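Hello,

Here is the structure I said I would pass on. My notes follow below it.

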Amino acid sequence: MTKVNIDWDKLEFAYLPTKTMYMTTKEGDKPWEPGALVPFGPIQINPCAGVLNYGQGVFEGMKAQRTKKNEILLFRPLDNGKRMEESSARMTMPPYDAQKYVYWVKKVVTANEEYVPPYGKGSLYIRPILFGSGPVLGVAPAPSYTFIIFVVPVGPYFKSGFKPIKLEITKQYHRSATKGTGNVKTVCNYAGTIKPALETHARGFDQLIYLDAMHEKYIEEVGTANFFCVLNGEVVTPKLGSILPGITRASIITLAKDKLKINVIERDISYEEVFDASEVFCTGTAAVVTPIGSITFEGKEHIFNNFKVGKVTQDLYDLLTGIQLGEKPDPYNWVVKVK
Ligand SMILES: *Cc1c(COP(=O)(O)O)cnc(C)c1O
């Protein structure tokens, strides 16, 4: 394994070029080409491509982690592959087979092994993208598609330990409409959330909490993470619908029920209810579990557990990261070994 010149202690969640990516295309009614590992770098694209003009594109986010024993592990990669199949179908794009997706994810990680940070220094973030690359002028499915898997080494999410974040509930913006594409990991959902995020950062918050577009009453999610709270000793999370069905969310639900023996309820949660929660946290691949220290609504800050990490939050974080790093039993076969 060649050495790369990266200061592992300074890694952030930011773009860095790596060595190798996987790329394949699909023309018209023909099947997906076999594709191949190719040098990472810019690609040529037709200015009339479906993705550039009408946002016909989806993505995934996963990570590969190095364990203490120097293995490299993936977490539930087939679930990401299946989610990408579903996302693609919603965007009228030909799905890429989930089993093959996992095969090529492993190949790309192996080909970039020197970019997988040492144990405890972060992870190799895996970004599969699938988009309409063929030219289309009217709003219609593109005639051809491209699927790429590239990787970027990223630092640990919590550099200075687990730190509860400050959030703000907005009624100024919605992330997704009822019956829209909120449950799909399509590129279309994200550009519009950048301005609200910058505005909330300027007001001193880490992220926004979006409410449902129909009633402006129920919590949807936190920017790019799913929402959870502990209410009267039960774990409560917004039901699926217009939220993104997170794989971390599904894993946390399983662990809370099976391992912590806590009742988990998926339902509508009004924001007023949340102010009485004993613990609040959000989940996603990058940070796994992020404790929420306070939520501000209409200028009033509601603080949870004195800005300290609650027991349920900590236990779920320890359980899930333990499984992901091969340090705790994995009865669900969630972990897939690359090396
Ligand atoms: C990807 C994503 C999540 C988290 O999903 P995971 O599978 O847990 O990483 C949550 N919300 C949004 C909007 C997302 O795009």
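The centres of domain 1 and domain 2, taken over C-alpha atoms, are 26 Å apart. Please keep in mind that this is a predicted model. The domain assignment of the protein puts domain 1 at 8-154 and domain 2 at 165-324.

My notes are on the interface between these two domains. Contact across the interface involves 20 residues of domain 1 and 19 residues of domain 2. Together the two domains bury about 1700 Å² between them, and 65% of that area lies on carbon and sulfur atoms. On the domain 1 side, the residues that lose the most area to domain 2 are F59, F75 and R83, which together account for 37% of what that side buries.

As for polar interactions, the rule finds zero salt bridges across the interface of domain 1 and domain 2. Polar contacts do occur there: eight residue pairs are found, with both residues at pLDDT 80 or more.

Four elements each give two or more residues to the side of domain 1 that touches domain 2: strand 3 (57-59), strand 4 (62-66), strand 5 (72-75) and helix 2 (77-90). Helix 2 supplies the largest share of that side, with five residues. Sorted by class, the side of domain 1 that touches domain 2 comprises eight nonpolar, six polar and six charged residues. So much for charge on that side; the count of salt bridges across the interface is still zero.

Regards

Definitions and conventions: Residues are numbered from 1 along each chain as its sequence is written. This is a predicted model: local features need pLDDT of at least 70, side-chain atom pairs count only at pLDDT 80 or more; totals for chains, interfaces and linings use all residues. Side-chain values use heavy atoms; hydrogens and water are left out. Domain bounds come from an automatic or database domain assignment. Contact means heavy atoms within 4.5 Å. Buried area is the accessible area (1.4 Å probe) that two parts lose on being put together, summed over both. A salt bridge is a side-chain nitrogen of Lys or Arg within 4 Å of a carboxyl oxygen of Asp or Glu. A polar contact is a pair of N or O atoms within 3.5 Å; within protein, one must be able to donate a hydrogen and the other to accept it, and residues adjacent in sequence count only if both atoms are side-chain atoms. Ala, Val, Leu, Ile, Met, Phe, Trp, Tyr, Cys and Pro count as nonpolar, Asp, Glu, Lys and Arg as charged, and the others, Gly among them, as polar.
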